[in-house]
Amino acid sequence: MLSRTVRWLVFAAVCASSAAAQTIDDGFMIPKRTLSAGVLYTHESWDQYWEGTLKRTNGNIGTLTTQSFTSMVGYGITDRLGLIATLPYIWTHASQGVLNDMSGFQDLTLAAKFRLLSSGPTSRGTMSAFIIGTAAVPVSDYTPDFYPLSIGTGGGRTSARLTLNFQSNSAWFFNASSAYTFCANVRLNRNSYYTNGQLYMTNEVAMPNVLNNTFSAGIDRGRWRIPLSLTQQHTLGGGDIRRQDMPFVSNRMDFVKLDGGAIYSLPGNLSVQLGAGHVLSGRNVGESTTFTSGLFYALHL
């Protein structure tokens, strides 16, 4: 149920103007021999959700709130290759009903980002292409069988991503990124389950793979970066939530989400980030509104 647009931003560089430079899906690189570390706080809530394609409320949930603190580290091995690691601590809460809150460390995500090619500066700007490989594994024994309160799917994932970026000679930039995620099977603490109109006499759940596309544009000038992005997630399989039933870990979870924010670079290699996002449409997800804030520090080694 929770919007998995868990698409977190790692900002790193040598000087203040570049300290907010890199995310997994953007068109920027951490400079060589630069270490970045920071924390991002996220607050997400919804009181309406899509049960399949039916939009509704649920008195047994009320407003579902998910909060997280995500620790992030990035390092520039070369000017063309960077590494990123993220680890969120998440807790969930339903304002009504008897569902128990859940909390804990979720999944450790490791990513390698490589600049495949760059057109170099031209009279209009610079066009670059990046390939990114990502892997994620759970780091705690949380249960995936308690949606919408579960803090994750409980399974490993790997993804391959291609990103194209254009940075104009003025302040504008445009970014297009697409990723295909392979999801490992998940094991439940029970011997059978029912989903998508079928009874399965096993504790192993086949998870559908996921296609994700992000388009962003904005201004990058001086100490400011102001991006606006549109993200679409399409789940390649899975069933809908059954009427008046709880969601299931392998349900199709599709959405379109609009995000905006501002990153300001402070003196001393510090940068701060504020952002907000809203799910515009979806299937088996909450119509969530998200607020983020973060603080990051970069160190040239």
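This is a short conversation between a student and a tutor about a predicted model.

Student: What should I know about the model before we start?

Tutor: The model is predicted, so local features need pLDDT of at least 70 and side-chain atom pairs count only at pLDDT 80 or more, while totals for chains, interfaces and linings use all residues. Residues are numbered from 1 along each chain as its sequence is written, and side-chain values use heavy atoms, with hydrogens and water left out.

Student: Why is Ser150 called buried?

Tutor: Buried means under 20% relative accessible area, exposed over 50%, and partly exposed in between, with a 1.4 Å probe and protein chains only. Ser150 has 0%, so Ser150 is buried. You will find Ser150 in the loop between β8 (125-138) and β9 (157-168); helices (H or I, at least four residues) and strands (E, at least two) are DSSP runs, numbered from the N terminus.

Student: What makes the pair of Ser150 and the backbone nitrogen of Phe146 a polar contact?

Tutor: A polar contact is a pair of N or O atoms within 3.5 Å; within protein, one must be able to donate a hydrogen and the other to accept it, and residues adjacent in sequence count only if both atoms are side-chain atoms. The Ser150 side chain reaches that nitrogen of Phe146 at 2.9 Å. A polar atom of the Ser150 side chain also lies 3.3 Å from the backbone nitrogen of Tyr147.

Student: How do you know whether Met207 is buried or exposed?

Tutor: Its relative accessibility is 14%, so Met207 counts as buried. Met207 sits in the loop between β14 (204-205) and β15 (209-221).

Student: What is the largest nonpolar core made of?

Tutor: A nonpolar core is a set of buried Ala, Val, Leu, Ile, Met, Phe, Trp, Tyr and Cys residues joined through side-chain atoms within 4.5 Å. The largest one has 15 residues, and Met207 and Leu188 are among those that touch the most other members. Another core, of eleven residues, lies apart from it, with Ile61 and Met102 among them.

Student: How do you know that β17 and β18 are paired?

Tutor: Two strands pair if DSSP finds at least two bridges between them. Strand β17 (residues 254-266) is joined to β18 (residues 270-283) by 13 bridges, so they pair, and they run antiparallel. In one of the places along them, Lys257 stands opposite Val279.

Student: And what links β17 and β18 at the turn?

Tutor: They form a hairpin with three residues between them, and Gly268 in the turn has a positive phi of about 85°.
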